[in-house]
Amino acid sequence: MLKVENLHVSVENKEILRGVDLSVEPGEFHVIMGPNGSGKSTLALTIAGHPRYTVTGGRILFEGDEIHELGPDDRAKRGIFLAFQVPPEVGGVKIIEFLQQVLVELRGMDPVKAYDLIVEKAKELWFREEDLHRYINVGFSGGERKRLELLQALLVEPKLLILDEPDSGVDVDSLSVISRKIEELHRKGTAVLLITHYGRILGHLDPSTFRVHVMRSGKIVMNRGGEFVKEIEEKGFQAIFEECGCDE
Ligand SMILES: Nc1ncnc2c1ncn2[C@@H]1O[C@H](COP(=O)(O)OP(=O)(O)OP(=O)(O)O)[C@@H](O)[C@H]1O
Ligand SMILES: [Mg+2]
């Protein structure tokens, strides 16, 4: 479904991704780990179509079509959803109005039914109805923003869900609700690309059901089974890179 081939990406003429290969089939679960600054968010934002990132080489294919010429809105319509590492504030746009519009346009829902569905799903993620009448992320805490990203994903039910550190800055209870919701979407058939530093978010997921990719300096240098997350947490990246002889 998603095929990233020898992807090179620059920001302001600085090369950040230096030949990334990654392939995700429908319904699969992939985890991306790697040291700070290794290019994980850059990869996520490039797949989602952030205009700041320039593809200087290689290809991104989604369901067989090259997408790197498409804008982020067209990619979203095709079924790609990115939950940001740092969800931005969107002043002047109310959560409920935004989500209603998304459901009407993307899923052809009746606005009144959409409203009820949003309120129902929001409760599952601990938002009250009145929270939905606030502007997107304005004044929301870090953890609340992460839950709000998940709410959007739950409503959209994307084909590919890219989550950039959905576990950073969230408390234990929020972590548990977020990981349950990710698993719920995955069970419904959404393919997941999860960027994280910690294994905890993987909750009750069976390690045999996902792959772990490790990034270093703009490349994916390792591709292992799910149980490798534990090894990374125990040993740290430097020791692992020395063992595997993964050069820069
Ligand atoms: N707009 C930008 N201008 C300059 N450098 C940038 C820009 N965006 C990213 N970079 C650089 O690209 C590199 C990769 O950044 P990226 O955010 O992708 O890392 P990451 O793997 O997500 O790290 P973290 O684990 O800390 O989130 C970093 O060195 C970063 O400073
Ligand atoms: Mg990042």
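**Exercise 1. The domains**

Which residues does the domain assignment of the protein give to domain 1, and which to domain 2?

*Solution.* The structure is a predicted model.
Step 1. In the domain assignment, domain 1 is made of residues 2–89 + 137–244, and domain 2 of residues 95–133.
Step 2. The C-alpha centres of domain 1 and domain 2 are 25 Å apart.
Step 3. Where the domains meet, 9 residues of domain 1 are in contact with 11 residues of domain 2; here contact requires C-beta atoms within 7 Å.
Step 4. On the side of domain 1 that touches domain 2, at least two residues each come from helix H5 (142–156) and helix H6 (172–187). H5 gives the most to this side, with 7 residues.
Step 5. Sorted by class, this side of domain 1 holds 6 nonpolar, 1 polar and 2 charged residues.

**Exercise 2. The overall form**

State how many helices and strands there are in the protein, and explain why the protein is as compact as a globular protein of its length.

*Solution.*
Step 1. The protein contains 8 helices and 12 strands.
Step 2. The radius of gyration of the protein is 18 Å, and the globule rule gives 18 Å for 248 residues; the two values are close, so the protein is as compact as a globular protein of that length.
Step 3. The C-alpha trace of the protein spans about 55 × 40 × 30 Å along its principal axes.

**Exercise 3. The sheet of 4 strands**

Describe the open sheet formed by 4 strands, and explain why one side of E2 and one side of E5 are left without a neighbour in the sheet.

*Solution.*
Step 1. The order of the strands is E2-E1-E4-E5, and their pairing is antiparallel.
Step 2. E2 and strand E5 (65–66) stand at the edges, and each has a single partner strand, so one side of each has no neighbour in the sheet.
Step 3. Strand E1 (residues 2–11) and strand E4 (residues 54–62) form an antiparallel pair over 7 bridges. In this pair, Lys3 has Leu61 of E4 as its bridge partner, and Glu5 has Arg59 of E4.
Step 4. E4 and E5 also pair in the antiparallel sense, over 2 bridges. Leu61 has Glu66 of E5 as its bridge partner.
Step 5. The hairpin of E4 and E5 has 2 residues between the strands, and in this hairpin Glu63 takes a positive phi near 50°.
Step 6. H1 packs on the sheet and touches E1, E2 and E4; the direction of H1 makes about 70° with that of E2.

**Exercise 4. The sheet of 6 strands**

Determine the strand order and the edge strands of the open sheet formed by 6 strands, and find which strands H1 lies across.

*Solution.*
Step 1. The order is E6-E9-E10-E3-E11-E12, and the pairing is mixed.
Step 2. Strand E6 (80–83) and strand E12 (219–225) are the edge strands, since each pairs on one side only.
Step 3. From one strand to the next, the twist averages 20°.
Step 4. One of the pairs joins strand E3 (residues 29–33) to strand E11 (residues 210–216) in the parallel sense over 5 bridges. Phe29 has Phe210 of E11 as its bridge partner.
Step 5. H1 lies across E3, E6, strand E9 (160–164), strand E10 (191–195) and E11, and runs at about 145° to E9.

**Exercise 5. The surroundings of ligand 1**

Identify the residues that come nearest to ligand 1, and describe the shell around ligand 1 by element and by class.

*Solution.*
Step 1. There are 14 residues around ligand 1, and those that come nearest are Asn36, Gly37, Lys40, Ser41 and Thr42.
Step 2. Strand E2 (14–24) and helix H1 (40–48) are the elements that give two or more residues to this shell. H1 gives the most, with 3 residues.
Step 3. By class, the shell around ligand 1 consists of 2 nonpolar, 8 polar and 4 charged residues.

How values were computed. Residues numbered from 1 in each chain as written. Chains lettered and ligands numbered in written order. Predicted model: local features only at pLDDT ≥ 70, side-chain atom pairs only at ≥ 80, totals over all residues. Near = placed C-beta within 6 Å. Nonpolar A, V, L, I, M, F, W, Y, C, P; charged D, E, K, R; others polar. Domains from an automatic or database assignment. Contact = placed C-beta atoms within 7 Å. Pairing = 2+ DSSP bridges. Axes fitted to C-alpha atoms, helices over the stretch in contact; angles between N-to-C directions. Rg over C-alpha atoms; globule rule 2.2 N^0.38 Å.
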